[in-house]
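Reader: I'd like to practise reading a model from its contacts outward. Can we go through one together?

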Amino acid sequence: MNILFATSEAHPLIKTGGLADVSGHLPRALLSNEVSIRVAIPAYRGLHSKLSSAKTIAQLNIDGKAINVLEAFLPGTRVKLWLIDIPVLFDRPGGPYQNEHGQDWHDNAERFGIFNKALTAIACGQTEISWPVDIVHCNDWQTGLLPVLLKLTPKAPRSLFTVHNLAYQGLFSYETFLALGLPGDLWRYDALEYYNQLSFMKAGLTFADRINTVSPQYAEEIKTPEFGCGLDSLLRHRSGVLSGILNGIDDKEWNPGQDTNLESKFNKQSLSKKLPNKLALQKLFGLPQREDVFFLVMVSRLTGQKGVDLIVKALPHLLEMPLQIALLGTGDRDIEAQLLEIAGNRPDKLSVKIAYNESWAHLLIAGGDAFLMPSRFEPCGLTQMYSMRYGTIPIVRNVGGLADTVTNIEETEGTGLIIHENTADELLNTIRKALTLYADRQTWKTIQLNCMRQDFSWKKSAAEYAKLYSAILDSPQTD
Ligand code: ADP
């Protein structure tokens, strides 16, 4: 099966969140499953220099924009990468979706619209590239127009649309819909129109042959008004083609036995060697170096989704408890400011770093005793899985991928503590429970070992994707 994997970010080239991890690792894991794959990504500024020997394999022109398609390998892998190079749209400073000031690029619809049109041309054999595509695997709103563009093109391959986060939908004006030159009859409530706006996400969900999300629990949740972000009725309508496949983690990069970011490597047999990481982390974060104190850590985007506002609310009480907290993240400017202010008043207990730093993220996850993740919703979540691998016990809400990956410590072989309600009080109660548990070091160690025994490798997920691809090719073509 030839799969064109369309994505807007891919580790280690460009990353804002979990989508990059999936795009960087799933294709590699799929290679051994009778799947041939090409990962296609926009050529953001600086990407060329991270690739060795990229060569042009096609040139096209869409809506007056000159496009170069370059072929290289995803660094460190045998996976072929296609860079879609449209300098006027992607060769800019800032992030993939936002400028340096954190504002969305004004022309995001055009940027990703043309990216989608270019991939449609490639997938449908309209370029010099002679690689017959069986399935276009689309990911999140940035690739949402692909399924509809494919449906509009004769002899097009099939499509799979994976939802990594339903909350980001790619909403634009009617004028933008017109400017993209999409057929007028797509401006319907059962097509691309969503409350008088153009929705890239809705386009993907409506026109893809199959839809999946990154955990089975999230696939169920998004069919409800609570988690459906306004698209739950559409998702109920399409429930026959909707499923969930849990993400894996890169168990080489996130391996406490080989992790060069750590002060001290460790594994199940040498758990005591985890301790120097705690001390190194306390030093890095400017907290008093104490072996015995309960150390709570968090690495996260600082947004409402991640429940960081609940933490802010709970902090006055939390900081009365015998613990330390280290937090690494970036995101909502208000939340960042509030956290920094509270940390400034309690430097002995709370340290906050507003930064995106992969190496620190590894040390945090290795050095903490427990990892806090009180998400309101969580399509899959990776950090709770990383934490388990590092014997850092997760404290999580029972939603989405968190519910699928963390087993309540009250059950046999339990791996984490569950926050049952979305309130600051329940967050505090659960952390109190963790403190009591931590006082009994033998039980704590048993839970750590339960965590470290879990297998979250990509192999299992890749086999499920390969099965889903086969099912798509076996199912009859729909209009
Ligand atoms: P989401 O995709 O919703 O942000 P995930 O848990 O699925 O959440 O993935 C987040 C990824 O981004 C993880 O690999 C995590 O380690 C990383 N990450 C998030 N914030 C930071 C940060 N400030 N510094 C380094 N890595 C981060």
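Reader: Let's start with a single side chain. Which residues does I62 touch, not counting residues up to four places away in sequence?

Author: Keep in mind that this is a predicted model. Contact here means heavy atoms within 4.5 Å. By that test, I62 touches I67, I114, K117 and A118.

Reader: Where does I62 lie, and is I62 buried or exposed?

Author: I62 lies in strand β3, which covers residues 55-62. For burial, the cut-off is under 20% relative accessible area. I62 has 11%, so it counts as buried.

Reader: How far apart are I62 and I114, in sequence and in space?

Author: They're 52 residues apart along the chain, yet their C-alpha atoms are 6.9 Å apart. You can put that beside a figure for the whole protein: among contacts between residues at least 6 apart in sequence, 68% join residues at least 24 apart.

Reader: Now a helix. What span should α3 have, and what does the model give?

Author: The idea is to allow 1.5 Å a residue. Helix α3 runs over residues 108-123, and its 16 residues should span 22 Å. The end C-alpha atoms are 22 Å apart, which agrees.

Reader: How many residues of α3 are buried?

Author: Of its 16 residues, 15 are buried, so α3 is largely enclosed by the rest of the structure. Have a look just after α3 too, where G125 takes a positive phi of about 70°.

Reader: What about Q282: where is it, and what does it touch?

Author: Q282 sits in helix α9, residues 275-284. Leaving out residues up to four places away in sequence, its contacts are L287, P288, Q289, R290, V293, F295 and Q324. Its relative accessibility is 0%, so Q282 counts as buried.

Reader: Zooming out, how many helices and strands are there in the protein?

Author: You'll find 17 helices and 18 strands. The radius of gyration is 23 Å, close to the 23 Å that the globule rule gives for 479 residues, so the protein is as compact as a globular protein of that length. Along the principal axes, the C-alpha atoms fill a box of roughly 65 × 45 × 45 Å.

Reader: And what share of the residues is buried?

Author: Buried residues make up 59% of the 479. As for the outside, the accessible surface comes to about 19,300 Å², with 49% of it belonging to carbon and sulfur atoms.

Reader: Last one: how far apart are the mean positions of the positive and negative charges?

Author: They're 5 Å apart, taken over 47 positive and 52 negative charges.

Methods
Residues are numbered from 1 along each chain as its sequence is written. This is a predicted model: local features need pLDDT of at least 70, side-chain atom pairs count only at pLDDT 80 or more; totals for chains, interfaces and linings use all residues. Side-chain values use heavy atoms; hydrogens and water are left out. Helices (H or I, at least four residues) and strands (E, at least two) are DSSP runs, numbered from the N terminus. The radius of gyration is taken over C-alpha atoms; the globule rule is 2.2 Å times the number of residues to the power 0.38. Buried means under 20% relative accessible area, exposed over 50%, partly exposed in between (1.4 Å probe, protein chains only). Accessible areas come from the Shrake-Rupley method with a 1.4 Å probe; for residues, only the protein chains shown count as cover. Lys and Arg count as positive and Asp and Glu as negative; His and the chain ends are not counted. The place of a charge is taken as NZ of Lys, CZ of Arg, CG of Asp or CD of Glu. The expected span of a helix is 1.5 Å times one less than its number of residues.
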